[in-house]
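Hi there,

Here is the structure I promised to pass on to you. Please open it alongside this email, and my notes on what turned up follow below.

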Amino acid sequence: MRDRHALPIYLQISEMLIREINAGRLQDGERLPPERVYAERLGISVGTLRKALEDLTEKGLLERVHGSGNYIRARADVQSVYAFFRVELLEGGGLPTAELLSIDRVAKPEGLPPFGSSAEAHRIRRLRRLNGRPAILEEIWLDGAYTDRIERRDLSESLYRFYRERLDLWITRAEDRMGLLPVPDWAPDAFGPRPGAPCLCATRVSFARDGARAEVSRGWIDTEVATYVARLK
């Protein structure tokens with residue numbers, strides 16, 4: 001049974017291809033394999049692939065030429081579920097998925113950048129995978145003023161999508177700062193670096209459309225698997 005928190009399969013494929021395009025692994029003008037061949041390669045039905053290609057076409061990233069094939073049309077201003085997700089596999093791209101480890105409402109700890117108006121926050125811990133490979137350990141702190149409670153069953157694969165659809169919270173920009181922080185003791189065995197080991201960590205402050213600091217997060221990156229990427233276009 002498909003995880004009900006995950007994106008629909010066709011949208012996962014669309015998002016994967018967007019990240020492949022952004023990473024330069026699919027070039028502007030490149031012709032995709034025939035649909036039946038490509039669907040078999042991806043392990044999905046032709047119908048699911050066609051829905052993904054329709055989504056890319058609507059976003060201006062694909063030109064479908066009757067009798068010839070499907071051609072990539074790279075562009076920078078694309079709306080993507082993972083538009084703010086800056087970590088990629090070392091070889092580029094990679095579809096993000098998330099395993100929820102815990103969610104609790106707790107007092108904001110010392111040491112985080114200031115954010116929000118509440119003394120409490122929703123602490124969300126997740127293990128992120130890229131194409132199935134454990135790559136990022138996340139600890140997200142959402143200001144408690146946005147909702148009293150978040151249940152595990154409520155969360156979707158994309159937190160920012162969940163914020164928009166369930167909390168009417170739109171994250172419009174984010175600031176990331178990179179540094180070294182020890183891997184926390186709650187890291188699961190699946191994450192490569194061991195607890196206490198120094199690890200590349202991105203500390204992010206996320207801003208709502210009214211300019212408020214809505215969320216702070218930390219993401220420990222396994223640099224044997226992935227890297228942080230910021231592209232200037």
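A quick definition before the strands come up: two strands pair if DSSP finds at least two bridges between them. The elements themselves are DSSP runs numbered from the N terminus, with helices being H or I runs of at least four residues and strands being E runs of at least two.

Please keep in mind that this is a predicted model, in which local features need pLDDT of at least 70 and side-chain atom pairs count only at pLDDT 80 or more, while totals for chains, interfaces and linings use all residues. Residues are numbered from 1 along each chain as its sequence is written, and side-chain values use heavy atoms, with hydrogens and water left out.

**The sheet**

Six strands form an open sheet in the order β4-β5-β6-β9-β8-β7, with antiparallel pairing. Its edge strands, each pairing on one side only, are β4 (96-107) and β7. Direction ignored, neighbouring strands are turned by 20° against each other on average (axes are lines fitted to C-alpha atoms, for helices over the stretch in contact, and angles run from 0 to 180 degrees between N-to-C directions).

Inside the sheet, β6 is joined to β9 by seven bridges, and the two run antiparallel. Leu137 stands opposite Trp220 in β9. On the other side, ten bridges link β5 to β6, again antiparallel, and Ala121 has Asp143 in β6 as its bridge partner. Nine of the eleven residues of β6 are buried, so this strand is largely enclosed by the rest of the structure. Here buried means under 20% relative accessible area, exposed means over 50%, and partly exposed lies in between (1.4 Å probe, protein chains only).

Towards the β7 edge, eleven bridges join β7 to the antiparallel strand β8 (residues 198-208). One of the pairs is Ile171 with Ala208 in β8.

**Two unusual backbone angles**

Most residues other than glycine have a negative phi, and most peptide bonds are trans. Asn131 has a positive phi of about 50° although it is not a glycine. This residue belongs to the hairpin of β5 and β6, which has two residues between the strands, and Asn131 is partly exposed, with a relative accessible area of 45%. Asp168 also is not a glycine, yet has a positive phi of about 55°. You will find Asp168 in the loop between α4 and β7, and at 52% relative accessibility it counts as exposed.

**The cavity and the pockets**

Rolling a probe the size of a water molecule over the atoms shows where empty space is left. The search uses a 1 Å grid over the protein atoms alone: a cavity is a set of points where a 1.4 Å probe fits but cannot get out, a pocket is an open set with protein on both sides within 12 Å along at least five of seven lines, and lining residues have an atom within 4 Å of a point. Grid points are joined across faces, edges and corners, and a volume is the space filled by probe spheres set on the points.

The whole structure has one cavity of 30 Å³ or more, and about 400 Å³ of space lies in the largest cavity. Of its 25 lining residues, Phe84, Phe85, Arg128, Glu138 and Arg204 lie nearest the centre. The largest share of that lining, five residues, comes from β9. By class, the lining has 13 nonpolar, three polar and nine charged residues (Ala, Val, Leu, Ile, Met, Phe, Trp, Tyr, Cys and Pro count as nonpolar, Asp, Glu, Lys and Arg as charged, and the others, Gly among them, as polar).

The largest pocket has a volume of about 810 Å³. It is lined by 29 residues, with Val78, Ser80, Tyr82, Ala83 and Phe84 the closest to its centre. With five residues, α1 gives the most to this lining. The class split for the largest pocket is 15 nonpolar, four polar and ten charged.

The second largest pocket has a volume of about 150 Å³. Its lining has seven nonpolar, no polar and five charged residues.

**The cysteines**

How many disulfides does the structure hold? There are zero, where a disulfide is a pair of cysteine sulfur atoms within 2.5 Å. The sulfur of Cys199 is 7.2 Å from the closest cysteine sulfur, in Cys201, which is too far for a bond. Cys199 counts as buried at 5% relative accessibility, and Cys201 counts as buried at 1%.

Best wishes
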